[in-house]
Every structure is written in structure tokens, then in C-alpha cells.
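Hello,

Here is the structure I said I would pass on to you. Have a look at it first, and then read on for what I found.

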Amino acid sequence: MLNIAVSIGEILPEPRPPPGPPAALWSRRAADSSPSALCSSGAPSGLQKAWKAIMTERPKLHYPNARGRMESVRWVLAAAGVEAYLPLMHEPLQCRAVAGPLPMTDWWKVSDTGNHLLFQQVPMVEIDGMKLVQTRSILHYIAEKHQLFGKDLKERTLIDMYVEGTLDLLELLIMHPFLKPDDQQREVVNMAQKAIIRYFPVFEKILRGHGQSFLVGNQLSLADVILLQTILALEEKIPNILSAFPFLQEYTVKISNIPTIKRFLEPGSKKKPPPDEIYVRTVYSIFMP
Ligand SMILES: N[C@@H](CCC(=O)N[C@@H](CS)C(=O)NCC(=O)O)C(=O)O
């Protein structure tokens with residue numbers, strides 16, 4: 001669910017802060033987790049400097065507090081064991097507080113985040129001194145950095161192909177909540193057909209053919225992460241979607257039990273709930289007011 005209060009609450013860092021006087025450091029306000037807020041709190045102790053370094057190094061996710069296109073990024077970060085990141089999308093909310101709803105194009109002009117949105121779009125992820133946009137580029141960078149992108153060019157290209165195919169299916173799910181009610185039911189049928197006729201047979205055949213636990217090579221890759229994300233999201237709408245695919249059923253259980261992924265699937269993780277009406281209304285108000 002996406003609303004202003006939840007979005008701001010999500011900014012809180014998970015680890016316990018080091019002891020120290022500047023109360024502003026641990027404020028629930030989103031802006032207080034920024035490096036400038038940390039710097040303005042008087043002379044920091046060594047521990048606080050270390051804390052600031054940790055906070056600065058963490059990836060920062062600029063997106064509403066909802067699945068959308070950022071959810072794949074949350075998935076791959078979780079699979080890589082990078083559970084500590086800062087979700088940030090407070091600027092437009094602050095803008096809305098002072099100036100009423102702003103179109104994305106106006107918002108980006110007045111917000112610090114907006115100044116760094118290359119194509120005036122989110123997701124944007126601040127990571128390793130860069131401000132990355134374009135979901136696939138973000139996914140590739142994180143996957144490459146955390147050895148989730150194969151061991152050579154051939155594996156990498158296979159992974160890329162599987163990810164692209166799966167993202168085409170996932171895109172139908174991402175857009176589904178924005179369809180008219182009448183079209184939504186038809187689209188569920190379309191998604192089920194696409195999954196069952198076009199995509200799942202491919203992955204079932206791969207798994208049956210090589211007898212490995214993973215789609216490519218003998219280790220987890222971005223392809224597994226995006227496929228699992230898509231299967232689980234589809235199962236929320238169509239619970240028996242895997243009934244004709246025994247290898248994919250077994251695969252889903254195995255990949256879901258990889259410790260980093262298992263944690264992500266447990267309550268309290270950064271995984272976002274399915275979109276609801278509030279999410280749809282809020283997305284319209286942010287991006288298309
Ligand atoms: N190709 C881009 C598409 C990003 C995109 O369409 N983002 C939406 C939010 S999910 C957005 O920022 N829309 C506002 C706009 O395009 O002005 C990607 O994959 O990241």
C-alpha cells in the first residue's frame with residue numbers, strides 16, 4: 001500500500017543507531033537520513049562518522065513505497081544479501097505538502113531527486129556514487145556486482161534473454177492495476193495464457209533438460225530472481241498457474257528457500273504488498289495529477 005505516512009515511515013534505517021546526542025539523526029523524518037542532515041548535527045563522534053559512512057554507502061531507492069518497476073530491484077538486492085538500503089521518495093511528497101500535487105515534470109525541477117532523474121522517470125537508485133535510472137540497467141549493475149550475472153559472456157547473454165522474456169510477462173502484471181475494471185478480468189485470462197502457453201513451457205523445458213536447480217549454470221542468477229518474482233506475483237492472482245509444470249513447482253520451492261530470498265519472503269521484509277486501489281490513486285496523483 002502506498003500513502004504518504006507509509007512512504008516516510010519506510011525511510012527508517014534498520015540497524016540500531018550508535019549512541020550520541022543529535023536526536024535529529026534518528027528522526028522519523030525522511031530528510032534526516034540524508035548526509036546533509038547528519039552533517040548539520042554538530043561534531044560527529046567516530047562511531048557517528050562510521051554510521052554516516054554506512055548510511056551514505058547504502059543504495060538509495062527513489063520510488064513510491066509500492067511494487068511497480070522498483071520491486072525487481074528490491075528482489076535482486078535482497079537475493080544479493082543487500083537488505084540494508086534506504087528507500088526514498090519523500091521529495092515529491094514534501095512538494096505536494098507545500099505546493100499541492102505536482103506533475104512529475106514539475107516535481108523533478110524543484111526536488112533534489114528530480115535534478116538527477118536522467119529521463120525524468122523513476123526508478124532511480126543511488127549506488128556506488130552513481131545515480132542509476134532505467135530498471136534493466138539498475139538490475140544489470142546489481143547483478144554484475146553481486147555475481148548474479150553468470151560466469152562468462154554466454155551465460156550472461158542467456159540470463160539476459162530469460163530476464164527480458166520474464167520482464168515482458170511481469171510488465172503485464174505491473175500495468176494490470178491501471179486497467180479499467182472490465183479490462184482487468186480479461187487481462188488476467190491473457191496473462192494466464194501467456195504464462196502457460198508462451199513462457200512457462202520454456203523454463204520448464206530448461207529445468208527438465210539440465211536437471212540443475214537454477215536456470216543458468218549451477219548458481220543463482222538474475223534470471224532466477226526475476227522468474228521467481230513473476231511466478232509468485234502471478235500466483236497471487238492465479239493460484240494454480242503452475243499446476244501443469246512440475247519442474248517449475250519444485251524450482252519455486254527451492255529458490256524460495258535460498259536464505260536471502262527466504263528472508264525477503266517473510267513478513268517485515270522490504271517486499272511490497274500487492275497493489276490496491278490506494279496504490280493506484282496515489283500513483284496517478286504523483287505521476288499524472
Ligand atoms: N524504461 C523505464 C520506464 C520508467 C517509467 O516509466 N517510470 C514511471 C514510473 S514506474 C515514471 O517515472 N513515469 C513518469 C513519466 O514517465 O513521466 C524503466 O524501465 O525504468
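**Two helices side by side**

Helices α8 and α9 are roughly antiparallel to each other, because their axes cross at roughly 160° and an angle over 145 counts as such. Please keep in mind throughout that this is a predicted model. Helix α8 covers residues 153–175 and helix α9 covers residues 181–210, and their axes come within 10 Å. The crossing of α8 and α9 is left-handed.

If you would like to display this contact, select Y162, G165, T166, D168, L169, L172 and L173 in α8. On the α9 side, the residues to pick are E187, N190, M191, K194, A195, Y199, F200, F203 and I206. By type, the contact of α8 with α9 has ten nonpolar, three polar and three charged residues.

**The other neighbour of α8**

Helix α8 also packs with α7, at an angle of about 140° and with the axes 12 Å apart. These two helices are therefore oblique to each other. Here the crossing is right-handed. From α7 the contact takes R136, L139, H140 and E144, and from α8 it takes R156, D160, E164, L167 and D168. Which kinds of residue make up the contact of α7 with α8? The residues divide into six charged, two nonpolar and one polar. You will find D168 in the contact with α7 and again in the contact with α9.

The loop between α7 and α8 holds Q147. Its phi is near 55°, a positive value in a residue other than glycine. Most residues other than glycine have a negative phi, and that is why I mention this one. Q147 counts as exposed because its relative accessible area is 56%.

**A covered helix**

Next, please turn to α4, residues 70–79. How many of its ten residues are buried? The count is ten of ten. They are M70, E71, S72, V73, R74, W75, V76, L77, A78 and A79, so charged names such as E71 and R74 are on the buried list too. The elements that cover them include β1, β3, α7, α8, α10 (222–237) and α12 (259–265). Just after α4 comes G81, with a positive phi of about 85°.

**Strands and a hairpin**

Strand β3 (124–127) pairs with strand β4 (residues 130–133) in the antiparallel sense, over four bridges. One of the bridge pairs to look for is I127 with M130 in β4. Together β3 and β4 form a hairpin with two residues between them. In that turn sits D128, whose phi is near 50°, a positive value in a residue other than glycine. D128 counts as partly exposed because its relative accessibility is 40%.

Strand β3 has another partner in β1 (residues 60–62), which runs antiparallel to β3 and is joined to it by three bridges. In this pairing, K60 stands opposite E126 of β3.

**A cis peptide bond**

The peptide bond from V122 to P123 is cis, with omega near 10°. Most peptide bonds are trans, so a cis bond deserves a second look. P123 lies in the loop between α6 (104–110) and β3. Is P123 buried or exposed? It is buried, because its relative accessible area is 3% and the cut-off for buried is under 20%.

Leaving aside neighbours within four places in sequence, P123 is in contact with H62, Y63, R69, M70, L132, V133, Q134, T135 and I138. Some of these names tie back to the parts above: M70 is one of the buried residues of α4, and H62 falls in β1, residues 60–62. As for I138, it is 15 residues from P123 in sequence and 8.7 Å away in space, C-alpha to C-alpha.

**The chain as a whole**

To finish, here are some totals. The chain has 13 helices and four strands. Of its 289 residues, 46% count as buried. Among contacts between residues at least 6 apart in sequence, 65% join residues at least 24 apart.

Happy viewing, and best wishes

Key
Residues numbered from 1 in each chain as written. Predicted model: local features only at pLDDT ≥ 70, side-chain atom pairs only at ≥ 80, totals over all residues. Heavy atoms only, no water. Axes fitted to C-alpha atoms, helices over the stretch in contact; angles between N-to-C directions. Parallel < 35°, antiparallel > 145°, perpendicular 65-115°, else oblique. Left-handed = near helix turned anticlockwise from the far one by under 90°. Contact = heavy atoms within 4.5 Å. Buried < 20%, exposed > 50% of the residue type's maximum accessible area, 1.4 Å probe, protein only. Pairing = 2+ DSSP bridges.
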